[in-house]
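Here are some exercises to try with the structure open beside you. Have a go at each task before you read the solution.

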Amino acid sequence: MASEVAATIPEFPAEAEKQPHKLERKWTFWFDNQSKPKQGAAWGSSLRKGYTFDTVEEFWCLYDQIFRPSKFPANADFHLFKAGVEPKWEDPECANGGKWTVTSSKKPDLDNMWLSTLMALIGEQFDDADEICGVVASVRQKQDKLSLWTKTAANEAAQMGIGRKWKEVIDTTDKISYGFHDDSRRESRAPRSRYQV
Ligand code: MGP
């Protein structure tokens, strides 16, 4: 009898299966709370580097504990960038880049699109992963937005591929636009649309 029972009980997971699940690369969360801006403070003065992680388990722990945009008041920005890349135009990986942007007037949409994008990034679902810098969720009074930052704005084919894939990931059929950081730098307003998909 005892041996029959033993035969039906599944074996405990092997030691290797208990190891954390390693991601392809390291990622860093950043946070910028501008809800109470200091007068005259330079852009980026409230930008803070959060946690760097490289396992699936750490990702879920961080996501559950902290990084859910809708929990935050307006004028907060959340970022997930490749480790070593700062979410700034000044970073060498971003300097010649740009961003795809999607807007949302509903908080749950922002959270859903944010999570889908995070999973696609850490799961390396973009073919041209080298082109990706990271993603920014911007919580705003009127309209939230999500921006996917890429590296080589002038490479239209690469950006169009990424834009199409991102629309699948966030499950939208709305048109999305791509702007160059260079234009934002020069024009100091939302960049004009260079590509659409
Ligand atoms: P933004 O945050 O990219 O525009 O830049 P957005 O999100 O359309 O505007 P918001 O009001 O909804 O936040 C807004 C302004 O912030 C720019 O015009 C710059 O003055 C400054 N800024 C933004 N970024 C991402 C950078 C950056 O990377 N470097 C520097 N130096 N300034 C920046």
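**Exercise 1. Find out how far a polar side-chain atom of Lys 99 lies from an oxygen atom of the ligand.**

Step 1: Go to Lys 99, where the gap between those two atoms is 3.2 Å. That fits a polar contact, a pair of N or O atoms within 3.5 Å (within protein, one must be able to donate a hydrogen and the other to accept it, and residues adjacent in sequence count only if both atoms are side-chain atoms).

Step 2: Now try Arg 140, with a side-chain N or O atom 2.9 Å from a ligand oxygen. For Glu 90, the ligand partner is a nitrogen atom, 2.6 Å from a side-chain N or O.

A word on the model: it is predicted, so local features need pLDDT of at least 70 and side-chain atom pairs 80 or more, while totals for chains, interfaces and linings use all residues. Residues are numbered from 1 along each chain as its sequence is written, and side-chain values use heavy atoms, leaving out hydrogens and water.

**Exercise 2. Work out why Cys 133 has no bond to the sulfur of Cys 94.**

Step 1: Recall that a disulfide is a covalent bond between the sulfur atoms of two cysteines. Here the cut-off is a pair of cysteine sulfur atoms within 2.5 Å.

Step 2: Check the gap: the two sulfurs are 3.9 Å apart, so they're too far for a bond.

Step 3: Look at the whole structure, and the search turns up zero disulfides.

Step 4: Check the surroundings: Cys 94 is buried (under 20% relative accessible area; exposed is over 50%, partly exposed in between, with a 1.4 Å probe and protein chains only) at 0%. Cys 133 is buried too, at 1%.
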